[in-house]
Amino acid sequence: MDKSKLIEATAEKAASAESGRPMRTEDIERVVDTLFGTVERPGTIAEALARGESVVLGSFGGFDHADGTAAFRPGKALTEYLRGASG
């Protein structure tokens, strides 16, 4: 799934959520770009890692910075979901 499909799927999921409030794809793209960054500027996750901070996204997982590289650690809920989805 590329970025545009991720944004489109997120907009559809948001519209079908309990609130039923649609979100514009432009707004979702702005949030994704702000979190993860673009070629032109780093996102908030990259900036936190550069400061030596870990970024924890609840049970989804987290990002760490060590030895000049970023690493993602999947959380328990994501790991359990993927194990169940593949079986």
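Trainee: How much space lies in the largest pocket?

Mentor: Rolling a probe the size of a water molecule over the atoms shows where empty space is left. In this predicted model, the largest pocket holds about 170 Å³ of space.

Trainee: Which residues line the largest pocket, and which helix gives the largest share of the lining?

Mentor: The lining is made up of Leu6, Val31, Val32, Leu35, Phe36, Phe60, Phe63 and Phe72, and its largest share, four residues, comes from helix α2 (residues 25-36). Sorted by class, the lining has eight nonpolar residues, with no polar and no charged ones.

Trainee: How many aromatic pairs does the count come to, and how should I read the one formed by Phe60 and Phe72?

Mentor: The count comes to two aromatic pairs. For Phe60 and Phe72 the ring centres are 5.5 Å apart and the planes stand at 50°, so this pair is tilted, since planes under 30 degrees apart would count as stacked and those over 60 as edge-to-face. The pair links distant parts of the chain, with Phe60 in the loop between β1 (55-56) and β2 (61-66) and Phe72 twelve residues away in strand β3 (residues 69-74).

Trainee: What is the pair that Phe63 forms, and is Phe63 buried or exposed?

Mentor: Phe63 forms a tilted aromatic pair with Phe72, with 5.1 Å from centre to centre and 55° between the planes. Phe63 is buried because its relative accessible area is 17%, under the 20% cut-off, whereas Phe60, at 44%, and Phe72, at 35%, count as partly exposed. Taken together, Phe60, Phe63 and Phe72 form one aromatic cluster, and these three residues are also among those lining the largest pocket.

Trainee: How many salt bridges does a search of the whole structure find?

Mentor: Side chains of opposite charge can pair when their charged atoms come close. Here the search of the whole structure finds seven salt bridges. One of them joins Arg73 and Asp64, whose side chains meet at 2.4 Å, N to O; Arg73 is partly exposed at 40% relative accessible area, and Asp64 is partly exposed at 21%. Elsewhere, salt bridges that share partners join Lys3, Glu29 and Asp33 into one network.

Trainee: Which residues form salt bridges with Asp27 and Glu53?

Mentor: Asp27 pairs with Arg24, their closest N and O atoms being 3.2 Å apart, while Glu53 pairs with Arg51, where the closest N and O atoms are 2.7 Å apart. Asp27 is partly exposed, with a relative accessible area of 26%, and Arg24 is exposed at 52%. Likewise, Glu53 counts as partly exposed at 36%, and Arg51 is exposed at 57%.

How values were computed:
Residues are numbered from 1 along each chain as its sequence is written. This is a predicted model: local features need pLDDT of at least 70, side-chain atom pairs count only at pLDDT 80 or more; totals for chains, interfaces and linings use all residues. Side-chain values use heavy atoms; hydrogens and water are left out. Rings of Phe, Tyr and Trp (its six-membered ring) pair if their centres lie within 6.5 Å; planes under 30 degrees apart count as stacked, over 60 as edge-to-face and the rest as tilted. Helices (H or I, at least four residues) and strands (E, at least two) are DSSP runs, numbered from the N terminus. Buried means under 20% relative accessible area, exposed over 50%, partly exposed in between (1.4 Å probe, protein chains only). On a 1 Å grid over the protein atoms alone, a cavity is a set of points where a 1.4 Å probe fits but cannot get out, and a pocket is an open set with protein on both sides within 12 Å along at least five of seven lines; lining residues have an atom within 4 Å of a point. Grid points are joined across faces, edges and corners, and a volume is the space filled by probe spheres set on the points. Ala, Val, Leu, Ile, Met, Phe, Trp, Tyr, Cys and Pro count as nonpolar, Asp, Glu, Lys and Arg as charged, and the others, Gly among them, as polar. A salt bridge is a side-chain nitrogen of Lys or Arg within 4 Å of a carboxyl oxygen of Asp or Glu.
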